[in-house]
Structures are given as C-alpha cells and as structure tokens.
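Please open the model in your viewer and keep the selection panel at hand. The tour begins at the ligand and then turns to the salt bridges.

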Amino acid sequence: MSKRFYITTAIDYLNGQPHLGHAYEKIVADVIARARRSLGQEVFFLTGLDEHGQKVQQAAQAEKKNPQEYCDALAADWQAFAKKLELTNDDFVRTTQPRHKEYVQATLAKLHDAGHFYKASYTGFYSAKEETFLTEKDRLPDGKFDASYGEVVELKEDNYYFKLGAHQQWLIDYIEANPDFIAPSSRRNEVLGFLKNNTLEDLCISRPLARLNWGIPLPFDPDFVTYVWFDALVNYASIAAAHPELGLWPADIHVLGKDIVKFHAVYWPIMLKAMGLALPKQILVHGWWQKDGAKISKSTGNIVDPIAVINEWGLDAFRFYVLRELDIGPDGNWTDAGFRSRYQAELANGLGNLVNRSLSMLKRYRNGVVPARSNELAADAAKAADETRALFKQSQLQSALQSIWGLVNRANQYVDQTKPFSLAKDPAQAQRLDEVLYNLAEACRVLAVLLWPFLPGTATKIYAQLGLTGSPDKLEAATWGGLQAGQVIGEPAPLFPRKDV
Ligand code: MSP
C-alpha cells in the first residue's frame, strides 16, 4: 500500500481573528486533500495554531489575560472557523499542547547533544514588533529603520545559535536535484538565488526568558525559551510522531504563503537534516490577497470577513471564488464586484442553471425517470475527467476548475443547440428527447464528482437531486454511464439562488 498523503498548512499566529488570507490557504490545502482522497489515496491533513512567541504574548497582554487563557478562548474561534470552511483536517495542532512541546524539547536536546548549537553574545538593533534583530541592510537611505519595525532599540544579549553554514551547499544541491521541491518554480528560483548569493548566517534559536517568557523552555538552559519559528516549524514532525501507526513522515506538501518561504525552504530542511529526518516532498507557495488593490489591514478597515461572505453567499461560493480567481503562486485581488460577477456568471447562470434546467426538464417531460443511456456528451465528459485527474495530481486547482467549466459550458451549449423544450412539443421526437435528457443528467452527475473537492456541499446536493444515495467523493465515478435507465431523480432546486444586487 502506498504511504498516506500528508499535507499541512502553515499554523496561524493566534493574535486575532481569521481573515481572507488564512481562509484561502486552508481551502487550498483542503481541496488538495479532498482531491487526493477522490483519487483514492489515503490522506492526512493537518492545520492548526502557532500559539507561542511575542506576537501572541503581546496580544494576550493587550487583553489583560494570561497567555494560555487567551489562547484557549481564541483557539475555539479558529477551530469553529475550520468547521465553517468544512475543512477535512484529520488533526488540529496547537503548539501549546504537551504532545508538541515534549517533541520540541526532545528535538532540542538531541540537536544540542549532537553539537549543532552554540551559545554566543550579540549586540544589535532590535524590533520588538517584528521580533527580530535588524541589520545594516535594513536601514533606509537616511539611516533610520522603516516605521513598520516600530520602536528599534540597541540590545546586547546571549543566545543559542544553530549552525547553518555547513549545510548551505548541500541545500543548494538538494534543491537543484529536486525540481519539484519548491513550487511554483518562480519561488524555487528565488530561494536558489538567495542561497547562491548570500552566506547563511547561523539561526538564533532562543530568546532570553527575561525578554520573552511565552515559549517552550530550552531543555538544556532554563534561562531561555525556544525561538517561535523553531517551535512552530517542528509542528509538522511532532504531529506526525503523535500518530506513529500512520507512518506520516515525510510530509508530501507543506502549503504556505510567500512571506514565510525562507523559513520553510531554508531553515526547515536544515533542521530536518540535523534531526535525521527526510525532507518534505514539496513546499507549495501561494501568493497574498489584497482587497481593492490595497493591503488587507485591520487598522485601515480594508478587510474581507470570510464569515460574513459565507453567511451571505454560501460556503461553496466563497471556496469557488478564491480558487477560480487566483492560481497558486501569484498575488490576488479581492473585489466585491468580481466576486458577484463570478457568482452570477459561473455559479448561478453556468453550473446552477445547467443542473436546474436539466433536472427540471427530466422531471417535467419524463416524470423524473432517467431514459436509456446515450453517449453524445461522453467524450466531453471524459476530456474534463482526464484533465481534472492529471491536474489534481499536480495541485493545479485553478486549471482544474477551468477544465470542469469547459464541460459546464459545453452542456449548456448542448441545451441551446438541441432545444429539448421544442423537442418536447413534438411526439415524433420522443426518442431524441430521451437522448438529450440522458446526456444532460449524466453530465450533471459527472460534474458533481469532478467538483466535489472544490464544492463539496454543491456536489452532494447534485447527487441528491439526481436521486443518488452515495457520495460523489471518488473520481473513478466520473466515468460516463453511471446513471442507470429507470433511476428516479429527486427534487430539483436552485443551487445558487440569483441575487438582485
Ligand atoms: N505562524 C506563522 C507560520 C508558522 S508555520 C510553521 C505565520 N502565521 S500567520 O498567521 O502570520 O500566517 C499564516 C499563513 O497565512 C501564512 O502562510 C501567510 O502567508 C498566510 N497569509 C497571511 N496573510 C495573507 C494574505 N493576505 N493572503 C494570503 N495569505 C496570507 O506566519
């Protein structure tokens, strides 16, 4: 049996409510997880929360709560959000869980014993807001640091460092030998460019307790806690280790945003090498969403509230828009007008209208009884199914939707060309009408199967309206001819109600 397909998202800082960017990444990972299950693979999908570090400690302080209480209360909202998105995650990691903390400490102890760390003193300019020391390169032409760093102070402190330099050439060689390791290739080129033109500085993996107490204590020095990124990255391995019977490691895909590529494509592989673990098969990097051409920001009010959109338009409309609008890689721009226009054109008038008129005609003209098989749209359906299968294996979600809409459009065109409403008026055309109605109903069934990873609720509704009992969750069911003559369909109902706006 092949290994379980293990896919992860980045784990989100628990310092506020989820926004569009978080929702997008989770949906990308969920659709890939569902697509793999649809292909017949066993899948383990992990998402969760990054609860340590300065950002979270400060957010808790601002609410005058102790950090653990703060995290526990807010984590409940994030878990409810995962349900709202109908994520099919198999576990939900919180970095404050004992199973994770113990694994991080064991890892630190092991790497310390093996001589990967050293202690050193460092003096530099520190941005508390970004939780990082700045270098001369970060200065603006006028010598100051950008206002985005907040207050910058000179600080001297002792810390533990992880020796990275010795692994630099190994990492370059690895990335060059494994072209799919970082996708899309533009990100791969960026990482290679960075590695070839810079000397890797050792990674500081601790924070003095005096400056930050909200973290995992270093097992070999109680005056320090673990740097939040060392803690967070390890979640992918700690949770794999928490399910030893599943043999999850190495991960197949880490899904993450463009801002955290360096952590995943440079630090994490070197950490894994030191830990004696294999590297993940792929780091899949998505772009960032803006709204109306500007950065999403709570302070300026330029936000998209995913929950409000879902409550108004339905979850599937939200899942559809983010994946259809934006390919995995480039940056995207949310506009309410763009959202509404895709809803009307592609969901209501495209898919929704096709299913509704096909099934309504079958109900009206044939009492809802499926006629004998006919293969007029079989080749179109096979083309969409073959393309979708291949695209699923490459996590090409936007292209898969385009291919699926090729079949939606073809079937709508078929209605316009064959004019079943005219055929119904002429008893001599009864057999032709049977053929047309079969092709339409079967095309709807195949569409439900192809769409299931993207629009699970809609796909399930289409199956129910066809009177089918199973779930459209296996791609092998996309083979033409699944609908049997004599099958009685259910009640047609609009999938995407038209909205007057
Ligand atoms: N806690 C770290 C990740 C640790 S992973 C071991 C972190 N958290 S985050 O909450 O800031 O971001 C979580 C994910 O959301 C990241 O992959 C980030 O790129 C993504 N996004 C945050 N804002 C985004 C947009 N506006 N658009 C798309 N994705 C964005 O980083």
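How far is a nitrogen atom of the ligand from an N or O atom in the side chain of aspartate 50? Select the ligand together with aspartate 50 in this predicted model; the separation is 2.7 Å.

**The ligand and its surroundings**

Next, add glutamate 25, which has a polar side-chain atom 2.5 Å from an oxygen atom of the ligand. Tryptophan 288 may be selected as well: an N or O atom of its side chain is 3.1 Å from a ligand oxygen atom. The ligand taken alone exposes 660 Å², of which the protein buries 94%. To see where the surrounding shell comes from, colour β2 (12–13), α1 (20–38), α7 (228–233) and β13, the elements that each contribute two or more residues.

Now select the full shell. Of its 22 residues, Ile11, Glu25, Asp50, Asp259 and Trp289 come nearest to the ligand. Sorted by class, the shell holds 11 nonpolar, 7 polar and 4 charged residues.

**Salt bridges across the chain**

Leave the ligand and turn to the salt bridges, of which the whole structure contains 31. Select glutamate 157 and arginine 211, whose closest N and O atoms are 2.5 Å apart in a salt bridge. Glutamate 157 belongs to strand β7 (residues 152–162), while arginine 211 sits in the loop between β10 (206–208) and β11 (217–218), so this pair ties together parts that are 54 residues apart in sequence. Are these two partners buried or exposed? Glutamate 157 is buried at 9% relative accessibility, and arginine 211 is buried at 19%, a value to be read against the limit of under 20% for buried residues.

Proceed to lysine 258 and aspartate 331, a salt bridge with its closest N and O atoms 2.7 Å apart. Lysine 258 lies in the loop between β13 (253–257) and α9 (261–275), and aspartate 331 in the loop between α11 (315–325) and β17 (332–334); the pair therefore ties together parts that are 73 residues apart in sequence. Lysine 258 is partly exposed, with a relative accessible area of 30%, and aspartate 331 is partly exposed at 44%.

**Final selections**

Select lysine 65 and glutamate 63, which form a salt bridge with their closest N and O atoms 3.3 Å apart. Lysine 65 is partly exposed at 36% relative accessibility, and glutamate 63 is partly exposed at 45%.

Finally, select Arg324, Glu325, Arg342 and Glu346 together: a network of salt bridges links these residues.

Notes
Residues are numbered from 1 along each chain as its sequence is written. This is a predicted model: local features need pLDDT of at least 70, side-chain atom pairs count only at pLDDT 80 or more; totals for chains, interfaces and linings use all residues. Side-chain values use heavy atoms; hydrogens and water are left out. A salt bridge is a side-chain nitrogen of Lys or Arg within 4 Å of a carboxyl oxygen of Asp or Glu. Buried means under 20% relative accessible area, exposed over 50%, partly exposed in between (1.4 Å probe, protein chains only). Helices (H or I, at least four residues) and strands (E, at least two) are DSSP runs, numbered from the N terminus. A residue is near a molecule or strand if one of its heavy atoms lies within 4 Å of it. A polar contact is a pair of N or O atoms within 3.5 Å; within protein, one must be able to donate a hydrogen and the other to accept it, and residues adjacent in sequence count only if both atoms are side-chain atoms. Accessible areas come from the Shrake-Rupley method with a 1.4 Å probe; for residues, only the protein chains shown count as cover. Ala, Val, Leu, Ile, Met, Phe, Trp, Tyr, Cys and Pro count as nonpolar, Asp, Glu, Lys and Arg as charged, and the others, Gly among them, as polar.
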